[in-house]
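The exercises below ask you to read a protein fold step by step. Try each task with the sequence and the structure in view before you turn to its solution.

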Amino acid sequence: MNTATVLEIKDISVSFDGFFALSDVKTSVRRNTVHFFIGPNGAGKTTLLDIICAKTKPTSGTVVFYPKNRKPMRLTGMKEHKIVNEGIGRKFQVPSVFVNLTVEENMILSLKGHKGIRDSIFKKPSDEERSHINHILKKVGLEKQMHTRAGILSHGEKQWLEIAMQLVQKPEIIMLDEPAAGMGKPETFKTGEILKEIKKSCTVIVIEHDMDFVKQCADTVTVLHEGRIIAEGGAGEVLADKTVQSVYLGRGEE
Ligand SMILES: Nc1ncnc2c1ncn2[C@@H]1O[C@H](COP(=O)(O)OP(=O)(O)O)[C@@H](O)[C@H]1O
Ligand SMILES: [Mg+2]
């Protein structure tokens, strides 16, 4: 652990009825970086995110979060909603935007302290909250669509809105499971640029299959295969690794 570490994953193993989805996974994530977890289907990537946010309990091992200006905390054993409140957000693969609300209304809903839809819609956000929402929407390139109904956004724009809805809560870490899924090349590229922008103010943990996307914006890449880490490092070095290449060979990039 050094001062730049924001998350330490210590010897995590997860067994589902004797089948090990993760075995002795040990790594650390540095603050203000984009850290990718890649690997073929079934490698254990989603399980690892489930462990970090305490949706799944590890069979052994712990995860420690080193927040800025606060004491380190052990995430293992904590309640899921508590982890979110401590500053670790997660965007799931299934969309969760309200299609009948505008982009801005969706953002207001995501703000901390606004409990429930009624309250969020009828209670006007403060000037400070409004300017914070503007600031975040700019980061994901949706400031011009602020008053657009979310339902008519393109697939890519909906994904960016979901990222923005996480960011508005000022997380220290944001976890994204396949944020570029279903996107074409230009939208995927733009997503990469967005991740590079948001890492300035938070740490980004991301699962993705598109190798061009990985090369575009990864600071660190951890490769999982059958529940174990088989390589870790910068994108260039990791993707040139013979073991990594053989793991992907014949499986495509999914
Ligand atoms: N709740 C569960 N019960 C049993 N097996 C599971 C469960 N969750 C995941 N697995 C298994 O663990 C392995 C890793 O799954 P997952 O983490 O979803 O992989 P990835 O996201 O890399 O595709 C897979 O073989 C999967 O079938
Ligand atoms: Mg998965």
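**Exercise 1.** In this predicted model, work out in which order the strands of the open sheet lie and which strands form its edges.

*Solution.* Begin with the sheet as a whole, which is open, holds 6 strands with mixed pairing, and follows the order 6-7-8-3-9-10. Next look for strands that pair on one side only, and you find the edge strands, strand 6 (88-91) and strand 10 (228-233). Finally compare directions between neighbours, which are turned by 15° against each other on average when direction is ignored.

**Exercise 2.** Describe how strand 9 pairs with strand 10, and then find what helix 1 touches on the sheet.

*Solution.* Strand 9 (residues 220-225) runs antiparallel to strand 10, and the two are joined over 5 bridges. Within this pairing, V223 has A231 of strand 10 as its bridge partner. Helix 1 packs on the sheet and touches strands 3, 6, 7, 8 and 9, while its direction makes about 150° with that of strand 7 (173-177).

**Exercise 3.** Determine which helix gives the most residues to the shell around ligand 1, and what kinds of residue the shell contains.

*Solution.* First list the residues around ligand 1, which are F16, A21, G39, N41, G42, A43, G44, K45, T46 and T47. Then turn to the helices: helix 1 (residues 45-52) gives the most, with 3 residues. Sorting the shell by kind yields 3 nonpolar, 6 polar and 1 charged.

**Exercise 4.** Explain why the radius of gyration of the chain agrees with that of a compact globule.

*Solution.* A compact globule of 254 residues would have a radius of gyration near 18 Å, and because the chain has 18 Å, the two agree.

Terms used. Residues numbered from 1 in each chain as written. Chains lettered and ligands numbered in written order. Predicted model: local features only at pLDDT ≥ 70, side-chain atom pairs only at ≥ 80, totals over all residues. Near = placed C-beta within 6 Å. Helix = DSSP H or I, 4+ residues; strand = E, 2+ residues; numbered from the N terminus. Nonpolar A, V, L, I, M, F, W, Y, C, P; charged D, E, K, R; others polar. Pairing = 2+ DSSP bridges. Axes fitted to C-alpha atoms, helices over the stretch in contact; angles between N-to-C directions. Contact = placed C-beta atoms within 7 Å. Rg over C-alpha atoms; globule rule 2.2 N^0.38 Å.
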